[in-house]
Amino acid sequence: MGYTNPFVSSTGLNFLISTLSSFDENNLLSEKAVKGFEKFQTNIPFVAYTTLQMRESAQSGVLDGFIMEYQITTIHPT
């Protein structure tokens, strides 16, 4: 499994925030949240800079799965 770099990718940032909040929803930067993420991170073999790099790695067989988001834009007539 892998995810994109949270400093470059909004998907990676959303994943990081969600993961940190799963360890401590009241304080994302608490010691409990950080330690939980560090422990979780030891099981993640791959962090890519972009979704394209992540997709190419999955297509080549390096990854079995990765985090991905879809965005929907709705245009309302005025």
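Helices, taken as DSSP runs of at least four residues, and strands, taken as DSSP runs of at least two, are numbered here from the N terminus. On this basis the protein chain, which is a predicted model, comprises three helices and two strands, and these elements follow one another from the N terminus in the order β-α-α-β-α.

The overall dimensions of the protein chain were considered next. The C-alpha atoms fill a box of roughly 45 × 40 × 20 Å when taken along the principal axes, and the radius of gyration of the protein chain is 15 Å, whereas a compact globule of 78 residues would have a value near 12 Å. Buried residues account for 28% of the 78 residues, and the accessible surface amounts to about 5,900 Å², with 56% of that surface belonging to carbon and sulfur atoms. Of the contacts between residues at least 6 apart in sequence, 52% join residues that are at least 24 apart.

The packing of two of the helices can be described in some detail. Two packed helices are described by the angle between their axes and by the distance between those axes. For helix α1, which spans residues 10-23, and helix α2, which spans residues 31-41, the angle is about 115 degrees and the axes lie 8 Å apart, and the crossing of α1 and α2 is right-handed. On the side of α1, the residues that take part are Phe 15, Leu 16, Thr 19, Leu 20 and Phe 23, and they meet Lys 32, Ala 33, Val 34, Gly 36, Phe 37 and Phe 40 of α2. Sorted by class, the contact of α1 with α2 is made up of eight nonpolar, two polar and one charged residues.

One of the participants from α2 is Phe 40, which has a relative accessibility of 26% and therefore counts as partly exposed. Leaving aside residues up to four places away in sequence, Phe 40 touches Phe 15, Thr 19 and Phe 23. The C-alpha atoms of Phe 40 and Thr 19 are 8.9 Å apart in space, although 21 residues separate Phe 40 from Thr 19 in sequence. Helix α2 also holds Gln 41, which is likewise partly exposed, with a relative accessibility of 25%. With the same sequence neighbours left out, Gln 41 touches Tyr 3 and Val 47, and Gln 41 lies 9.9 Å from Gly 2, C-alpha to C-alpha, across a sequence separation of 39 residues.

Tyr 3, a residue of strand β1 (residues 2-4), has a relative accessibility of 5%, and because buried means under 20%, Tyr 3 is assigned to the buried class. When residues up to four places away in sequence are not counted, Tyr 3 touches Phe 15, Phe 37, Gln 41, Ile 44, Phe 46, Val 47, Ala 48, Met 54 and Ile 67. In the case of Ala 48, the C-alpha atoms of the pair are 6.3 Å apart in space, while the two residues are 45 positions apart in sequence.

A further buried position was examined in helix α3, which covers residues 51-59 and contains Ser 57. The relative accessible area of Ser 57 is 11%, so that this residue also falls under the 20% limit for buried residues. Outside the stretch of up to four places away in sequence, Ser 57 touches Phe 46, Val 62 and Leu 63, and Phe 46 is also among the residues touched by Tyr 3.

How values were computed. Residues are numbered from 1 along each chain as its sequence is written. This is a predicted model: local features need pLDDT of at least 70, side-chain atom pairs count only at pLDDT 80 or more; totals for chains, interfaces and linings use all residues. Side-chain values use heavy atoms; hydrogens and water are left out. Axes are lines fitted to C-alpha atoms, for helices over the stretch in contact, and angles run from 0 to 180 degrees between N-to-C directions. A crossing is left-handed if the near helix is turned anticlockwise from the far one by less than a right angle, and right-handed if clockwise. Contact means heavy atoms within 4.5 Å. Ala, Val, Leu, Ile, Met, Phe, Trp, Tyr, Cys and Pro count as nonpolar, Asp, Glu, Lys and Arg as charged, and the others, Gly among them, as polar. The radius of gyration is taken over C-alpha atoms; the globule rule is 2.2 Å times the number of residues to the power 0.38. Buried means under 20% relative accessible area, exposed over 50%, partly exposed in between (1.4 Å probe, protein chains only). Accessible areas come from the Shrake-Rupley method with a 1.4 Å probe; for residues, only the protein chains shown count as cover.
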